[in-house]
Amino acid sequence: MAGRGGGGELRLLGTWSSPWVIRVRVALGMKGLSYEYTEEDLSSKSDLLLRSNPVHEKVPVLIHGGRPVCESLVVLEYIDETWGATGTPQLLPADPYDRATARFWTNYVNDTFFPSWKVLFRSTAAEQRAEAFKNVVPRVEALERAFGECSKGKAFFGGDDAGLVDVALGSHLVWIKVVDEVAGSSLLDEAKFPGLAAWAERFLAVDAVREAMPDAGKLLEHYKGFLAKLASPAGST
């Protein structure tokens with residue numbers, strides 16, 4: 001990964017399709033940082049991953065100068081604080097109230113939007129999908145309102161540049177598109193959610209985002225394989 005040095009060796013443990021890992025890759029790219037990426041096999045976790053994140057044994061893990069930082073949102077704030085004076089956009093705003101608001105909506109993405117959307121992601125039958133889609137729409141309505149409030153008429157939740165909420169929600173965008181394609185749905189419908197629909201296109205056009213996002217076709221095949229296993233007798237037990 002090309003870019004500036006990080007004031008210490010940087011290594012990222014991840015999996016290519018994980019939105020939580022995508023978040024970190026986007027943030028590292030936005031800061032122009034160079035790092036070594038290691039693809040983990042979560043069915044046979046490496047000793048390094050188990051040593052680096054013994055509590056959760058999950059990715060992403062950012063190892064900076066030999067010291068691990070775990071959990072995607074923690075890693076994002078660590079990156080922002082460690083490389084704050086680099087002339088690159090900050091993920092968190094300077095104003096304390098705006099920072100608190102950004103953290104609130106970032107937690108909403110993790111704790112409210114994602115669990116609701118995950119039901120749609122795991123649905124294998126048309127009736128399941130219709131019910132799950134109906135239940136996730138109010139979460140998107142809240143995010144549409146949040147975008148209007150946080151962006152203050154600018155391009156991103158973070159204002160002129162993508163910030164913490166943008167990265168947290170934006171890391172799911174390719175997955176949202178893939179699930180929509182399989183389900184025949186349109187979660188970020190332009191007519192219903194004009195703010196979010198336009199925001200999504202702008203976010204996906206950011207250089208650091210384009211570089212970090214997985215190939216949509218590869219992700220689609222991966223998702224179809226996941227659903228096939230889920231629908232099988234062994235996968236549904």
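Mentor: Quick groundwork: axes are lines fitted to C-alpha atoms, for helices over the stretch in contact, and angles run from 0 to 180 degrees between N-to-C directions. This is a predicted model, where local features need pLDDT of at least 70, side-chain atom pairs need 80 or more, and totals for chains, interfaces and linings use all residues. Residues count from 1 along each chain as its sequence is written, and side-chain values use heavy atoms, without hydrogens or water.

Trainee: OK, at what angle do the axes of α4 and α5 cross?

Mentor: Find helix α4 at residues 96-121 and helix α5 at 126-151 (helices, H or I, at least four residues, and strands, E, at least two, are DSSP runs numbered from the N terminus). Their axes come within 8 Å and cross at roughly 165°. That makes the pair roughly antiparallel (over 145 degrees).

Trainee: And how many residues in the contact of α4 with α5 are nonpolar?

Mentor: On the α4 side you'll see Trp105, Tyr108 and Phe113, among others, and the α5 side includes Phe133, Val136 and Leu143 (contact means heavy atoms within 4.5 Å). The contact also has 4 polar and 2 charged residues. The nonpolar count is 16.

Trainee: Which UniProt domain annotation covers residues 95-226?

Mentor: The end C-alpha atoms of that span lie 43 Å apart, and the span is 74% helix and 0% strand. In the UniProt record, an unreviewed entry, the annotation for residues 95-226 reads "domain: GST C-terminal".

Trainee: Now the sheet: in what order do the 4 strands run?

Mentor: The sheet is open and its pairing is mixed (two strands pair if DSSP finds at least two bridges between them). At the edges sit β2 (36-39) and β4 (67-70), each pairing on one side only. On average, neighbouring strands are turned by 20° against each other, direction ignored. The order is β2-β1-β3-β4.

Trainee: Which residue in β2 stands opposite Arg11?

Mentor: Strand β1 (residues 10-14) and β2 pair in the parallel sense over 4 bridges. Opposite Arg11 in β2 stands Glu36.

Trainee: Which helix packs on the sheet touching β3 and β4?

Mentor: Helix α1 (residues 19-30) packs on the sheet too, but touches β1, β2 and β3 (61-64). The helix you want covers residues 72-82, and its direction makes about 125° with that of β4. That's α3.

Trainee: Last one: the peptide bond from Val59 leads, in cis form, to which residue?

Mentor: Look in the loop between α2 (47-52) and β3. Glu57 is found in that loop as well, with phi near 55°, a positive value in a residue other than glycine. The cis bond has omega near 5° and leads to Pro60.

Note on methods:
Parallel < 35°, antiparallel > 145°, perpendicular 65-115°, else oblique. Nonpolar A, V, L, I, M, F, W, Y, C, P; charged D, E, K, R; others polar. UniProt positions renumbered as here; feature names shortened; annotations may be inferred.
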